[in-house]
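Biologist: I would like a close look at a single part of this protein, with enough of its surroundings to place it. Please take your time over the answer.

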Amino acid sequence: MDEKQRRIVDEAIAIADARGIDAVSMRAVGQRLGLSPMALYPYLRSKDALLDGMVERLLGELLAMAPATGGWQEQLRAVARAVRALARRHPGAYPLIMSRPGETAETRRLDDLISEILRAAGVPAADVARLERLLSTILLGFANSEVNGRFGAGPATGDWDTEFDRDLDDEIRLIEGIITRSSAT
């Protein structure tokens, strides 16, 4: 993404964060930049390209926050916390990650990162793709539900941080159980 594309996409993310995804249009982005909507098309050929660019920027930000250090459990926790931090930083734009097809380079990088963590944990190759989809859905869905009000008042534990950590513990135990079952057969 060149500098002009990045600026256009950043303005679209700002619009989404302020007013929601439905407020994002080539016209709205052009107005923020002091340009006509037609001036944007040489850089992003359609609204779909703009939305995909937004997903790329958001996931690039997420991946930059998720260090690949420590054991697999620590790596998984880092990715999970990065997902949640991204959703909190961009609550209006974040739902795009859940609604756009996973066909961007950064989407594949996130999928690959989670798959690498699962392989490092010892998950059998035949189960990696399935577990990657499950974990991605859980992590992305939790963060989306939290920032967009689906969860309501609050969990029985008193705060979402504790609830999130407990959910991560459960996910890790699920992975460990799959590893144990596969090594027993």
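Which helices each supply at least two residues of the lining of the largest pocket?

Modeller: This is a predicted model, and in it α3 (47-65), α5 (95-99), α6 (105-121) and α7 (125-147) each supply at least two residues of the lining of the largest pocket. The largest share of that lining, five residues, comes from α7. The pocket itself has a volume of about 290 Å³, and 15 residues line it, with Ile97, Thr107, Asp111, Ser136 and Leu140 lying nearest its centre. Sorted by class, the lining holds seven nonpolar residues, together with four polar and four charged ones.

To place this pocket in its setting, the protein chain contains eight helices and zero strands, and its C-alpha trace spans about 65 × 35 × 25 Å along the principal axes. Of the 185 residues of the chain, 44% count as buried, and among contacts between residues at least 6 apart in sequence, 70% join residues at least 24 apart.

Turning to the start of the chain, the axes of helix α1 (residues 3-19) and helix α2 (residues 26-33) come within 9 Å and cross at roughly 110°, which means that α1 is roughly perpendicular to α2. In this contact Arg7, Ile8, Glu11, Ala12, Ala14, Ile15 and Arg19 of α1 meet Ala28, Val29, Arg32 and Leu33 of α2, and the residues involved divide into seven nonpolar and four charged, with no polar ones.

Key: Residues numbered from 1 in each chain as written. Predicted model: local features only at pLDDT ≥ 70, side-chain atom pairs only at ≥ 80, totals over all residues. Heavy atoms only, no water. 1 Å grid on protein atoms, 1.4 Å probe; cavity = no way out; pocket = protein on both sides within 12 Å on 5 of 7 lines; lining within 4 Å. Points joined across faces, edges and corners; volume = space filled by probe spheres on them. Helix = DSSP H or I, 4+ residues; strand = E, 2+ residues; numbered from the N terminus. Nonpolar A, V, L, I, M, F, W, Y, C, P; charged D, E, K, R; others polar. Axes fitted to C-alpha atoms, helices over the stretch in contact; angles between N-to-C directions. Parallel < 35°, antiparallel > 145°, perpendicular 65-115°, else oblique. Contact = heavy atoms within 4.5 Å. Buried < 20%, exposed > 50% of the residue type's maximum accessible area, 1.4 Å probe, protein only.
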